[in-house]
Amino acid sequence: MTTSAESAESLDLFVNAKQQFEQALTWIDGIKVGIIDYLINPKRTIHVRFPVNMDDGSIQTFHGFRVLHNRVRGPGKGGIRYHPNVNEAEVSALAAFMTWKTAVVDIPFGGGKGGVACNPKELSRSELRRVTRRFVAELGDNIGPHTDIPAPDVYTDAQTMAWIYDTFDLMHPGQNNLAVVTGKPLEIGGSVGRDEATARGSLYATEQLLKRGVVPGMETLDGVRVAVQGFGNAGSTAARLFQEAGARIVAVSDSRGGIGNDSGLDSEQVSAHKSKTGSVVGMPESTAINNEELLAYDCDILIPAALECQIREDNAAKVKARLIVEDANGPLTTVADRIVQEKNIVVLPDIVANSGGVVVSYFEWVQNLENQQWDIDKVDRKLKNKMVHAVDDTVDRWTALNTRHQDGFNGNRLAPTLRDAALVTAIERIAIVVLQRDIWP
Ligand code: NAD
């Protein structure tokens with residue numbers, strides 16, 4: 001098998017996801033060859049094209065996707081993204097990450113993902129509402145509380161989730177439909193803590209990783225310099241929470257550019273500036289930087305929290321951080337993964353680092369099914385428990401793989417990464433269930 005390190009770089013996210021999977025497979029003994037194709041490829045892919053009335057009286061046709069990657073461990077679970085670059089390969093990869101994420105963090109879901117190719121910045125609120133409602137109507141019974149459950153992702157938010165719920169509820173009157181979607185507003189079945197769950201989970205995961213001594217010389221976040229790419233839901237909250245935990249935020253960016261200040265940026269003030277102006281750019285007492293400079297910023301921890309394939313063959317060697325915490329999904333290509341590994345940079349992989357979002361989505365789903373409302377202490381305690389276990393399982397597996405590597409296992413030329421360890425854990429958990437459920441007929 002050609003390993004990912006030997007392949008030419010691809011910016012197709014699904015190619016990268018498959019390379020990660022294949023690399024992890026080299027560490028697994030005795031998997032039944034016949035189920036590999038089933039484990040890696042989507043179970044079902046839905047394409048819909050639908051017309052929407054625009055505010056100016058014109059009609060525009062939109063293209064939407066929903067991929068159910070795997071559901072052997074439970075219903076599909078994964079966000080809906082609105083972005084011009086949404087395409088089948090991207091959605092398939094993001095759905096695969098969800099399958100592996102729900103397995104490694106051990107919640108009873110499979111993986112799904114969806115998206116509509118559109119530029120939400122150019123759409124009015126009422127156009128976004130019509131796009132969302134029509135998309136949900138087109139998906140019909142392919143989503144549902146026990147089949148496939150959407151959530152927010154890039155450029156979708158609690159309001160989008162409220163429209164999804166309302167549309168589905170109108171189509172299915174007379175039953176409790178709250179659990180069809182998570183990330184809803186608190187007033188209609190959302191969970192406390194969901195809005196900051198992705199970032200809070202990545203904080204808990206990072207703290208546990210440091211406690212386990214995986215990054216030499218960095219045992220806590222105290223005084224640690226952090227740069228964050230992408231100042232949206234995940235990134236801005238991560239900046240605030242890491243700062244509260246003792247770190248210094250030295251640089252942040254969004255789609256319009258970045259800012260740096262070695263003495264530290266105040267994340268609340270940056271958020272206020274972004275709310276007022278639409279961007280972090282132009283923040284007083286900061287130096288303007290571009291996104292390439294952000295990725296190469298002199299810092300201890302780099303948190304990519306924007307989009308996929310941001311760290312590639314052409315810029316990976318410039319990364320100065322000692323730890324990369326992947327709040328975004330798939331921010332490193334597999335080639336970049338190997339480059340940073342050679343530089344001894346530790347990567348806390350996306351399927352662990354950003355799994356706090358789906359963990360609290362799971363809590364929301366449970367609360368909806370039971371008509372319960374938990375308080376923030378309960379949500380945070382249970383989230384922390386899940387994140388600590390996911391990191392411990394990953395680090396324990398990584399340690400075991402390292403021992404095998406030193407013993408010359410499989411002639412594998414590359415030392416294992418935390419990503420390999422997390423994926424091995426996830427793939428084994430899924431494969432066991434496939435075999436335990438048995439194959440029908
Ligand atoms: P968001 O839309 O709230 O924020 C995205 C941010 O990235 C925006 O500030 C945007 O300006 C910025 N951005 C876009 N292109 C950029 C570029 N080239 N350089 C720098 N910044 C850029 O989205 P989000 O929900 O925060 O998601 C961000 C990432 O986190 C995605 O990869 C998403 O899949 C992942 N994620 C999100 C959640 C969640 O619960 N929201 C959960 C898990 C993973």
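This report describes selected strands, one helix, the ligand surroundings and some unusual backbone angles in a predicted model.

**The paired strands S1, S2 and S4**

Strand S2, which spans residues 59-70, is mostly covered, with nine of its 12 residues buried. Strand S1 (residues 44-53) pairs with S2 in the antiparallel sense over 10 bridges, and within this pairing Thr45 stands opposite Val67 of S2. The hairpin formed by S1 and S2 has five residues between the strands, and in this hairpin Gly57 takes a positive phi near 95°. S2 also pairs with strand S4 (residues 111-117), again in the antiparallel sense, over seven bridges; here Arg66 stands opposite Gly114 in S4. Strands of a sheet pair through backbone hydrogen bonds, in either a parallel or an antiparallel arrangement.

**The seven-stranded sheet**

An open sheet of seven strands runs in the order S9-S8-S7-S6-S10-S11-S12, and its pairing is mixed. Its edge strands, each pairing on one side only, are S9 (287-289) and S12 (346-348). On average, neighbouring strands of this sheet are turned by 20° against each other when direction is ignored. One parallel pairing is that of S10 (residues 301-304) with S11 (residues 323-325), which extends over two bridges, and Leu302 stands opposite Ile324 in S11.

**Helix H8 and its packing**

Which residues of helix H8 are buried? In this helix, which covers residues 267-277, they are Ser267, Val270 and His273. Seen down the axis of H8, these buried residues fall within an arc of 120°, so they line one face of the helix. An α-helix has 3.6 residues a turn, so residues three or four places apart point the same way. The buried residues of H8 pack against helix H7 (233-244) and against two strands, S7 (248-254) and S8 (257-260). On the other side of H8, by contrast, Ser275 and Lys276 are exposed. The helix is followed by Gly278, whose phi is positive, near 90°.

**Surroundings of the ligand**

The ligand is surrounded by 25 residues, of which the closest are Asp153, Thr198, Asn233, Ala234 and Asn329. The table lists contacts that involve an oxygen atom of the ligand, with the kind of protein atom and its distance.

| Residue | Protein atom | Distance to a ligand oxygen atom |
|---|---|---|
| Asp153 | polar side-chain atom | 2.8 Å |
| Asp327 | polar backbone atom | 3.3 Å |
| Phe231 | backbone N or O atom | 3.4 Å |

Asp153 thus appears both among the closest residues and with a side-chain contact to the ligand, whereas Phe231 and Asp327 make their listed contacts through backbone atoms.

**Unusual backbone geometry**

Most residues other than glycine have a negative phi, and most peptide bonds are trans. Against that background, Glu285 has a positive phi, near 55°, and is found in the loop between H8 and S9. Is Glu285 buried or exposed? Its relative accessibility is 74%, and exposed means over 50%, so Glu285 counts as exposed. Asn344, likewise not a glycine, has a positive phi of about 60°; this residue is found in the loop between helix H10 (334-342) and S12, and with a relative accessible area of 67% Asn344 is exposed. A further exception concerns the peptide bond that joins Trp440 and Pro441, which is cis, with omega at about 10°. Pro441 lies in the segment after helix H14 (418-437).

How values were computed:
Residues are numbered from 1 along each chain as its sequence is written. This is a predicted model: local features need pLDDT of at least 70, side-chain atom pairs count only at pLDDT 80 or more; totals for chains, interfaces and linings use all residues. Side-chain values use heavy atoms; hydrogens and water are left out. Buried means under 20% relative accessible area, exposed over 50%, partly exposed in between (1.4 Å probe, protein chains only). Helices (H or I, at least four residues) and strands (E, at least two) are DSSP runs, numbered from the N terminus. The arc is that of the directions from the helix axis to the C-beta atoms. Contact means heavy atoms within 4.5 Å. Two strands pair if DSSP finds at least two bridges between them. Axes are lines fitted to C-alpha atoms, for helices over the stretch in contact, and angles run from 0 to 180 degrees between N-to-C directions. A residue is near a molecule or strand if one of its heavy atoms lies within 4 Å of it. A polar contact is a pair of N or O atoms within 3.5 Å; within protein, one must be able to donate a hydrogen and the other to accept it, and residues adjacent in sequence count only if both atoms are side-chain atoms.
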